[in-house]
Amino acid sequence: MTQPLRDRIVSFKFWKQGGVIAHASDPTIIGSRFDPTDDLSRAWSGEISGSFEDLDHAESAAEAALGIPLLEVYSPIRELWSGDIIAVAEFYEKAEQLEVDMARARRTSWLVVGSAFTASTIVLFSIVAIGDNTIRRQGRLLERRLKESEQMAEQNVRLRSRVVEASERYATQTDRFLKKLGSELHDGPAQYLSLAALRLEAAFSDRPEKPAEAEEIQQSLQKSLAEIRALSRGLSAPDIDNLALIDVVKRAIEDHSEHSPLRPEVSLQGSQTIELSVSDKLCVFRFLQETLSNAARYAPNSRCTVICKAHDDRVVIHVDDDGPGFDPSDGKVLRDDGGQGLLGLRDRVESIGGRFEVWSSPGKGTSVTMTLFPRKMSTS
């Protein structure tokens, strides 16, 4: 044993099986029995083990009393020729330098861990701060965009309302103009033609036979008078300003029945006292006028049904027939005969904020639906 090692060893013990001390630097404990520690048990199994400052066992009481850091080492002792473990040597070595090294390593470890934790915290904080700033900036941008969208939506609602009001006024004024024009045709040229026919009849009343020219002139006058009156009736809408919805529907059907053999079945549902503007009433009248005219023209022998449903916030009118039907795309062209046609009806309904729908196919009948959302409007 070299001098430096001898200086470092403060005590030793040699153990026999069963925890008995066979020899020790402290003669007072030779022959004593102690409960085997974990390190001692591992040494008996052939492992070299050790512990630092673990002096809380009874057999280490003398070494613990020294008050210095000690490294406790257990080493198995084998028989030379058999290799069997016959004893275990235990040494207690001064470990001041080990304590210093471990303290330094502990400080270094904590410094590394602390530095890594601090760096990670700073990085994470930076990421969170950058993310938070980005989220706040995007949030402010989204709030501005949302506010702009809301303002635009409000503006669109106001503009749509103004467009609908303008369309209602235009439709009302147009129908009033056509009504006035029809009235003037009836009261002006029609009256003059009727008077001319009477005068012509009176001029030849004393003759047994009218000249052929006079007869032709009178027939022409009668035909012109009939065409003007028909034109006047087509232009003029009835006085429906003060009529309720149910009366407008009945009036449209009655006017149609005067010059058509088609007799639709009528069903009135819901509250028929709902208030309508003049433009809404005119739209209902023109819708029924055109759809019944189409049914009479294209499906004269069909079963036709008119259903009017009045709700608190809307009016829905269906006109159905079981006639030959048609391709709905054919209804997307303007009529050549001056009638409104389905395209004109769609424009009229949608111009005042309503909905217009057509279901039809060849051989399966036709269903036309108009939905209005009434709103009070000045009639002046």
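**View A. Ile127 and a nonpolar surface patch on the predicted model.** Ile127 sits in helix α4. The model is predicted. Ile127 is exposed, because its relative accessible area is 53%, and the cut-off for exposed is over 50%. Together with Val123 and Leu124, Ile127 makes a nonpolar surface patch. The patch covers about 290 Å².

**View B. A positive surface patch of four arginines.** Arg137, Arg140, Arg144 and Arg145 form this patch. Arg144 belongs to helix α4, which runs over residues 96-187. Its relative accessibility is 48%, so Arg144 counts as partly exposed. That label applies between the cut-offs of 20% and 50%.

**View C. Asp39 and its surroundings.** Asp39 is found in helix α2, residues 38-44. Asp39 has a relative accessible area of 9% and is therefore buried. The limit for buried is under 20%. Leaving aside residues up to four places away in sequence, Asp39 touches Ser49, Gly50, Ser51 and Tyr74.

**View D. The salt bridge between Asp39 and Arg42.** A search of the whole structure finds 6 salt bridges. One salt bridge joins Asp39 to Arg42. The closest N and O atoms of this pair are 2.2 Å apart. Both residues lie in helix α2. They are 3 residues apart, about one turn of the helix. The partners fall into separate accessibility classes: Asp39 counts as buried because its relative accessibility is 9%, whereas Arg42 is partly exposed because its relative accessible area is 35%.

**View E. The salt bridge between Asp255 and Arg251.** Here the closest N and O atoms are 3.4 Å apart. Both residues lie in helix α7, residues 245-257. Asp255 and Arg251 are 4 residues apart in this helix, so about one helical turn separates them. Asp255 counts as partly exposed because its relative accessibility is 22%. Arg251 also counts as partly exposed, with a relative accessibility of 31%.

**View F. The salt bridge between Glu265 and Arg303.** The closest N and O atoms of Glu265 and Arg303 are 3.0 Å apart. This pair links distant parts of the chain, with the two positions 38 residues apart in numbering. Glu265 lies in strand β6, residues 265-270. Arg303 lies in the loop between α8 (278-298) and β7. Glu265 counts as partly exposed because its relative accessibility is 39%.

**View G. Thr305 and its contacts, with Glu265 among them.** Thr305 is placed in strand β7, residues 304-310. Thr305 counts as buried because its relative accessibility is 16%, and the cut-off is under 20%. Leaving out residues up to four places away in sequence, Thr305 touches Glu265, His318, Val319 and Asp320. Glu265 is also the salt-bridge partner of Arg303. The accessibility labels of the two touching residues can be set side by side: Thr305 is buried at 16%, whereas Glu265 is partly exposed at 39%.

Conventions: Residues are numbered from 1 along each chain as its sequence is written. This is a predicted model: local features need pLDDT of at least 70, side-chain atom pairs count only at pLDDT 80 or more; totals for chains, interfaces and linings use all residues. Side-chain values use heavy atoms; hydrogens and water are left out. Patches are made of residues with over 30% relative accessible area and no salt bridge: like charges are joined within 9 Å, nonpolar side chains (Val, Leu, Ile, Met, Phe, Trp, Tyr) within 5 Å. Accessible areas come from the Shrake-Rupley method with a 1.4 Å probe; for residues, only the protein chains shown count as cover. A salt bridge is a side-chain nitrogen of Lys or Arg within 4 Å of a carboxyl oxygen of Asp or Glu. Lys and Arg count as positive and Asp and Glu as negative; His and the chain ends are not counted. The place of a charge is taken as NZ of Lys, CZ of Arg, CG of Asp or CD of Glu. Buried means under 20% relative accessible area, exposed over 50%, partly exposed in between (1.4 Å probe, protein chains only). Contact means heavy atoms within 4.5 Å.
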